[in-house]
Amino acid sequence: MSLALGDKILSSDNTFSKLGLNEDAQTESIRKRKLIDKIGLHTIVKHSPTQKELFLPTILNQINCSSEMAQLLTKNAPLLRTREKRSLSVGERVVESATSLWDYFFDIVWRFLTTWCYPLLTRSFVIGLVCHRIIAEIILRVLEWRFHADSLALKDVLATAQQVDIRMQQFCYWPIQYVTLRKRKDDWESITDRHPEYIRFYNSLWLVANDVIIGIAIGSYIIDNAEWVASQINIILSEWTVDGLRNMIVWLTDAPAGFKLNNELAVFLGALFVWVIDYWKGCCF
């Protein structure tokens with residue numbers, strides 16, 4: 001297009017020069033030539049294709065082939081048969097039989113535990129709780145029994161009976177507290193209302209566990225050091241109950257703190273009490 005216009009312009013220039021046109025016509029022709037040169041600058045420039053553009057037809061052919069293959073397999077899938085399983089080797093048969101034997105053994109053990117052991121343990125636990133509750137109720141009745149309405153009960157007289165009464169009440173109340181705490185998960189609105197039950201339950205458990213732990217620790221220490229503990233207890237009791245009391249009676253037979261007493265009576269009473277102490281020492285120590 002630019003060459004054609006250029007040819008036309010060249011031919012027109014020759015005609016104009018031949019005919020002797022004026023300067024305005026020459027100026028117009030020059031302007032048109034510059035415009036044609038500018039139009040020539042905006043033409044499309046060809047470039048060499050990249051590697052991706054070269055492989056684009058191959059990629060499209062592969063995609064089309066894959067689509068046709070998928071359609072063909074989908075159409076002929078019902079006509080295909082399953083592959084026959086090959087026969088196992090001797091090693092594979094041994095491994096399979098050993099694996100199946102272990103699975104069978106574990107299956108038998110699991111069924112035995114779930115079918116017989118677990119129900120037996122749960123029933124035994126429930127029966128144990130019932131028997132424990134019956135025994136606890138009997139002990140509580142004995143500790144709270146009064147000969148008359150105004151007389152004292154056994155738990156009001158002995159500290160040991162009082163401790164046994166408290167522990168029996170806790171043991172009887174623990175299953176009820178546990179069931180109450182388990183129901184708390186089903187009703188979220190009652191969680192804040194059952195905080196005292198939660199604190200009381202675990203506080204009583206901690207107290208009992210604390211008593212048991214301290215008792216086991218002290219009992220183990222006494223058993224391991226029985227001779228030394230017995231000698232120390234003997235020394236302490238003899239010093240406080242025998243020697244100390246005897247020295248005080250001897251001190252009182254004289255003039256204690258400067259007080260003048262009846263010497264004959266003081267000596268008689270002092271000898272009597274010293275004889276009683278010596279007799280008690282001979283019987284006990």
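How many helices and how many strands are there in the protein? Colour by secondary structure and count: 9 helices, 0 strands. Keep in mind that this is a predicted model.

**Whole chain**

Trace the protein along its sequence. The pattern reads α-α-α-α-α-α-α-α-α. Now colour by accessibility. Of the 285 residues in the protein, 12% are buried. Next, show contacts between residues at least 6 apart in sequence. Of these, 48% join residues at least 24 apart.

**Stop 1: α6 against α7**

Select residues 159-183 for helix α6 and residues 195-224 for helix α7. Their axes come within 10 Å of each other. The crossing angle is roughly 140 degrees. That makes α6 oblique to α7, because an angle has to be over 145 degrees to count as roughly antiparallel. The crossing of α6 and α7 is left-handed.

Show side chains at this contact. On the α6 side, pick Arg 167, Gln 170, Phe 171, Tyr 173, Trp 174, Gln 177, Tyr 178 and Leu 181. On the α7 side, pick Glu 197, Tyr 198, Arg 200, Phe 201, Tyr 202, Ser 204, Leu 205, Leu 207, Val 208 and Asp 211. Colour them by class. The contact of α6 with α7 has 11 nonpolar, 3 polar and 4 charged residues.

**Stop 2: Gln 170**

Stay in helix α6 and centre on Gln 170. Is Gln 170 buried or exposed? Its relative accessibility is 16%, so Gln 170 counts as buried; the cut-off is under 20%. Which residues does Gln 170 touch, leaving out those up to four places away in sequence? Ser 204 and Val 208. Both are among the α7 residues that meet α6. Draw a distance from the C-alpha atom of Gln 170 to that of Ser 204. The label should read 7.1 Å, although the two are 34 residues apart along the chain.

**Stop 3: α7 against α8**

Keep α7 selected and add helix α8, residues 226-253. The axes of α7 and α8 are 5 Å apart, and the helices pack at an angle of about 90 degrees. The two are therefore roughly perpendicular to each other. Select Tyr 221, Ile 222, Ile 223 and Asp 224 of α7. Then add Ala 226, Trp 228 and Val 229 of α8. These residues make the contact. By class, the contact of α7 with α8 has 6 nonpolar, no polar and 1 charged residues.

**Stop 4: aromatic pairs**

Show the rings of Phe, Tyr and Trp. Pairing them by centres within 6.5 Å gives a count of 5 aromatic pairs. One of them joins Phe 201 and Tyr 202. The ring centres of Phe 201 and Tyr 202 are 5.0 Å apart, and their planes stand at 80 degrees, so this pair is edge-to-face. The two residues differ in accessibility: Phe 201 counts as buried, at 8%, whereas Tyr 202 counts as partly exposed, at 44%.

Now go to Trp 275 and Tyr 279. How is this aromatic pair arranged, and what is the angle between the planes? The pair is stacked, with 20 degrees between the planes and 5.9 Å centre to centre. Both residues lie in helix α9, residues 263-284. Being 4 residues apart there, Trp 275 and Tyr 279 are separated by about one helical turn. Trp 275 is exposed, at a relative accessible area of 55%. Tyr 279 is exposed too, at 54%.

How values were computed: Residues numbered from 1 in each chain as written. Predicted model: local features only at pLDDT ≥ 70, side-chain atom pairs only at ≥ 80, totals over all residues. Heavy atoms only, no water. Phe/Tyr/Trp six-rings, centres within 6.5 Å; stacked < 30°, edge-to-face > 60°. Buried < 20%, exposed > 50% of the residue type's maximum accessible area, 1.4 Å probe, protein only. Axes fitted to C-alpha atoms, helices over the stretch in contact; angles between N-to-C directions. Parallel < 35°, antiparallel > 145°, perpendicular 65-115°, else oblique. Left-handed = near helix turned anticlockwise from the far one by under 90°. Contact = heavy atoms within 4.5 Å. Nonpolar A, V, L, I, M, F, W, Y, C, P; charged D, E, K, R; others polar.
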